[in-house]
Amino acid sequence: MVENRPALTVLTHLTLVLGVVIVGFPLYVVVIASTQTAQDIVQNAPMSLWPGDSMAENYRVALWGGVLNNGGRVAPAWPMMAVSLASALIIAFGKIAISLLSAFAIVFFRFRFRTACFWLIFVTLMLPIEVRIGPTYSVVASLGLLNTMTGLTVPLMASATATFLFRQFFLTVPDELVEAARIDGASPMQFFRDHLVPLSTTTIAALFVIQFIYGWNQYLWPLLMTTNETMLPIVLGIKRLLTGGDAGTDWNIVMATAILAMVPPAVVVLLMQKWLVRGLVDSEK
Amino acid sequence: MAPQLAIVLIFFFWPAGQALYQSLLSQDAFGTSVQFVGGENFERLWHDATYLASFKITAIFSILVAVLGLSSSLLLAVLANRVVAGAWVYRSLLIWPYAVAPAIAGVVWLFLFAPSVGVVTYVLREWGLAWNPLLDGDHAMALIVMAAVWKQISYNVLFFLAGLQSIPKSLIEAAAIDGAGPWRRFWTIVFPLLSPTAFFLLVINIIYAFFDTFAVVDAATHGGPGRDTAILVYKVYYDGFKALDLGGSAAQSVILMAIVISLTIVQFRFIERRVHY
């Protein structure tokens, strides 16, 4: 603190609290809505902002599916959560693995077309999957990968952010370390396994958070890819619940599912906050 | 090396090439005949009023998202940076929307602003504003802007905080000794030194508004009412997968790619320049 200005400090905290409240208000409403009955929400508009008493019931229906009072059926959310979790983990680990290897190759080996390979990967940095959905879809379809875990995850690994992050990091590894390893008789792969991977654990952790969130939150790609209910990730499942229009939707179930879909990535972010910040900031330098 | 190259080639260059190639073709509705039409798809887009309208919508949308998102998160970050004790509490409380999927952000805000059951809708109606994003295009636009900004705030705050922390304390102390107040210090020292971060975030936010908000739009408004919130990516999806105009959709993809590439080049140019000062 440069100087002491009590008035300004009070104002700072007031504004920050206001900001936090505004950012948090939607979440609060969602949590409250997930504890009430559908009738509570629709009939006493606006719904009360105090918790209702049907929380257990709502989450039970959202998780394991069930039949509602109005006769509507709710598909169970837990298989969708399993799909989301599996695809998020596959994307995160797959991307980290292939990026580690290719960054290793780019930085430590001299081979023909090295720069060409580097640029091939580099341009992918620019194009998010949303831009090339149509053609990517037909490629995946022609490979027969629709409705499979492979089709859901592998195309999303085709991006260069992680490779770049590792490349930046590997460039900082001193030559002495490489030479020392060679004098001790380590093969390239041994050097990779015993030195590079342990050295890059923080980078790996950071990337894991980023990629996990990225994988969990995918929407457009699964929307096209999955026609089969068993392969539906939870983010898409929520939209399936929005059937009845404005007042006909069972908002309590929708909101309970929304919470279920938010909790895993939020836990990952909050627990691994330190690495996330580092990873985000490093990756964009 | 090989695995990534394979994935990149199959799922990236092949599709990109296909997009380029398809954008030059015209298919009939059943896919039975394919014709090479050269630049006709692009020409048709140029004369297509809905496509130009979609361009305008996307421009308005991304400017709103970028300006509102950046200014509010800059304010929060500067304030959070002032706090000495308990700064991490604020950071944790501001960071969690990063984990929220865009689609869920769309659903949540849709619920808050739903015409008959929404909590905020009720308050607005009390104030005499008949809110209905299902009928009024401007309301729908406001809705998706808010949802998109809300989702992006934590990302921006993180970067601004990192940028603020890299500003040398000695500069600020020197200015304070010279008698510059907090307001003056912010505009003459902090803001100029933060401008690289701000510029970077501007590009990222525009890219975000262009592409990542597809889910927000699809979940909250379906591009409606009418075509009032159909941003470019939504139109690529709609034309390609719902209206089955493959050539037109591919041409739109190509235009989008060109936009992203130019944005990225602008960004890299700028970063290169930044190194020298």
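Leaving aside neighbours within four places in sequence, which residues is Ala258(A) in contact with?

**View 1. Around Ala258(A) in the predicted model.** Setting aside those sequence neighbours, Ala258(A) touches Val30(A) and Ile238(A) from chain A, plus Ile104(B), Val107(B) and Val108(B) from chain B.

**View 2. The largest nonpolar core.** Zoom out from Ala258(A) and you're in a core of 133 residues. Ala258(A) is among the residues with the most contacts inside this core, along with Ile238(A), Ile104(B), Val107(B), Trp109(B) and Ala147(B). The biggest contributor is helix α7 (residues 137-165) of chain B, which chips in 15 residues.

**View 3. Helix α13 (residues 234-241) of chain A.** This helix is largely enclosed by the rest of the structure, because six of its eight residues are buried. Here they are: Ile234(A), Val235(A), Leu236(A), Gly237(A), Ile238(A) and Leu241(A). Ile238(A) is a familiar face, being in contact with Ala258(A).

**View 4. Chain A and its 16 helices.** Two strands complete the secondary structure of chain A. Of the 285 residues in this chain, 40% are buried. Take the contacts in chain A between residues at least 6 apart in sequence, and 73% of them join residues at least 24 apart.

**View 5. Confidence along chain B.** Chain B has an average pLDDT of 75, with 76% of its residues scoring at least 70. Helix α3 (residues 49-82) of chain B comes out highest, at a mean of 85, while strand β1 (residues 25-27) of chain B sits lowest, at 56. Where pLDDT is low, don't read the predicted coordinates in detail. For the complex, the predictor gives an ipTM of 0.79 and a pTM of 0.80.

Technical notes:
Residues numbered from 1 in each chain as written. Chains lettered and ligands numbered in written order. Predicted model: local features only at pLDDT ≥ 70, side-chain atom pairs only at ≥ 80, totals over all residues. pLDDT = per-residue confidence, 0-100. Helix = DSSP H or I, 4+ residues; strand = E, 2+ residues; numbered from the N terminus. Buried ≥ 20, exposed ≤ 12 C-beta atoms within 10 Å, placed from the backbone. Contact = placed C-beta atoms within 7 Å. Core = buried A, V, L, I, M, F, W, Y, C linked by C-beta atoms within 7 Å.
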